[in-house]
Amino acid sequence: MPRALLLENIDPVAADLLGSAGFATESLRGALDEADLIAALDGVDVLGIRSKTQVTAEVLRRRPGLAAVGAFCIGTNQIDLATAAGCGVAVFNAPYSNTRSVVEMAIAEIIILARRLVDRDRALHAGTWDKSAAGSHEIRGRTLGIVGYGNIGSQLSVLAEALGMRVLFYDLEDKLALGNAEACGSLEELLERAETVTLHVDGRAGNAGLFGAEQFARMRRRSLFLNLSRGFVVDHEALRDHVLSGHIAGAAVDVFPEEPREQGDAFGSVLRGLPNVILTPHVGGSTQEAQHDIGRFVAGKLVDYTGSGTTTLSVNLPTVALHGSSAARFALLHRNVPGVLARADALVGEHGLNVDGQVLATRGELGYAVTDVGAALPPELLAALQALPETVRLTTFGHRTG
């Protein structure tokens with residue numbers, strides 16, 4: 001029976017789906033460090049994680065039996081994708097499932113900061129009645145600057161405009177502006193024009209330190225700042241300085257450069273206790289609806305891959321989906337050099353089999369071919385395919401061998 005290990009309190013629907021597909025599934029609430037993860041992966045075929053667990057090159061090399069990793073979140077920077085591909089480990093994530101949750105939280109925080117509700121709440125809890133309109137504003141008519149116009153940024157753009165905001169955005173790639181949103185030619189232009197700036201960038205290494213003292217200084221005086229993307233993107237010392245100076249009127253931060261590993265662990269940050277600052281524990285996508293959808297989506301991708309070799313929406317392998325069924329199916333992940341598929345097909349013919357269906361796709365240095373044949377796979381054929389010098393991983397999917 002294949003085994004699956006799910007970490008970081010992944011929604012139970014994932015375990016249910018994997019169990020229905022024949023996996024013996026173990027679920028743990030917390031993340032694991034490198035040594036513990038290597039030990040826990042002994043005999044495991046499929047690993048499910050969220051953002052805390054680091055799937056390093058060492059983990060992947062020490063556990064060659066691992067077939068796939070599911071990132072039950074948007075980001076995959078916690079996984080060494082290149083090494084995973086080189087080891088033949090497919091990686092899947094959930095690029096869309098929690099976008100609405102993040103967007104709704106961003107909208108809520110923009111309103112809360114603009115109305116200074118954080119300070120009003122703290123004052124009232126402390127027993128002080130502070131009924132005043134000072135520093136409190138509507139968001140209608142104000143200008144929102146979105147840095148990163150991907151799935152989350154673009155959806156936020158639509159909702160913000162529906163609430164009456166003017167929307168600017170900046171992205172490294174050319175993106176279609178939705179509604180009346182306006183693209184900025186540079187980050188500097190956006191910072192100088194927007195009254196509220198929100199970050200929705202990905203986890204690529206080039207985004208580290210993207211936002212620091214220089215960028216905060218360029219922002220308009222008494223503007224608002226939000227980061228619901230990646231913790232390493234923002235210099236928190238610089239943000240603290242600009243909040244205390246009054247240059248930044250309020251901020252909301254959901255992600256941090258270093259985050260506690262498990263629920264209940266102590267949390268420290270230079271942003272604690274600042275006026276009109278909202279701190280949340282990386283919960284932008286943590287609604288019950290989003291986590292259920294993520295669990296269902298990623299587990300479904302893992303089931304499809306382990307059951308049929310389908311790599312649709314894999315973040316590190318060529319995309320292949322072969323429909324239909326035959327007596328047997330095998331998948332050959334190989335180095336992308338000329339002639340590999342021809343040699344593989346020749347071996348199939350030499351062992352008296354006919355190809356019923358076949359799909360090949362390439363991605364960088366890798367090729368991935370899924371092949372259906374009309375009879376059971378002889379062990380001699382599998383040995384010959386495995387012996388090809390270009391073979392990275394050979395897998396059969398739910399079919400008998402002869």
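**Stop 1: helix α7.** Select residues 151-162, helix α7. This is a predicted model, and the helix offers a quick check of its geometry. At 1.5 Å a residue, the twelve residues of α7 should span 16 Å. The end C-alpha atoms are 17 Å apart, which agrees.

Now show side chains on α7. Which of its residues are buried? Pick out Ile152, Gly153, Ser154, Leu156, Ser157 and Ala160. Each of these has under 20% relative accessible area.

What do the buried residues of α7 pack against? Add one helix, α5, at residues 99-114. Then add three strands: β6 (143-147), β7 (166-170) and β9 (196-199). Colour these four elements separately from α7 to see the packing.

Step just past the end of α7 to Gly164. Check its backbone: phi is positive here, at about 95°.

**Stop 2: the cavity.** Rolling a probe the size of a water molecule over the atoms shows where empty space is left. How many cavities of 30 Å³ or more does the structure hold? There is one. The volume of the largest cavity is about 40 Å³.

To find it, select Gly88, Tyr305, Ala331, Leu332, Leu333, Tyr368, Arg393, Thr395 and Phe397. These residues line the largest cavity. Colour them by type. Six of the lining residues are nonpolar, two are polar and one is charged.

Next, select strands β13 (328-335) and β16 (391-396). Each supplies at least two residues of the lining. Which element gives the largest share? Strand β13 does, with three residues.

**Stop 3: the annotated domain.** Select residues 5-316. An unreviewed UniProt entry places the feature "domain: D-isomer specific 2-hydroxyacid dehydrogenase catalytic" on this stretch. Switch to cartoon view. Over residues 5-316 the chain is 35% helix and 15% strand. Put a distance label between the C-alpha atoms at the two ends of the stretch: they are 20 Å apart.

**Stop 4: the whole chain.** Clear the selection and zoom out. The chain has 13 helices and 16 strands. Turn the C-alpha trace along its principal axes, where the spans are about 85 × 45 × 30 Å.

Colour by accessibility. Of the 402 residues, 49% count as buried.

Finish with contacts. Take those in the chain with a separation of 6 or more. What share of them comes from residues 24 or more positions apart? The figure is 65%.

Notes
Residues numbered from 1 in each chain as written. Predicted model: local features only at pLDDT ≥ 70, side-chain atom pairs only at ≥ 80, totals over all residues. Heavy atoms only, no water. UniProt positions renumbered as here; feature names shortened; annotations may be inferred. 1 Å grid on protein atoms, 1.4 Å probe; cavity = no way out; pocket = protein on both sides within 12 Å on 5 of 7 lines; lining within 4 Å. Points joined across faces, edges and corners; volume = space filled by probe spheres on them. Nonpolar A, V, L, I, M, F, W, Y, C, P; charged D, E, K, R; others polar. Expected span 1.5 Å × (residues − 1). Buried < 20%, exposed > 50% of the residue type's maximum accessible area, 1.4 Å probe, protein only. Contact = heavy atoms within 4.5 Å.
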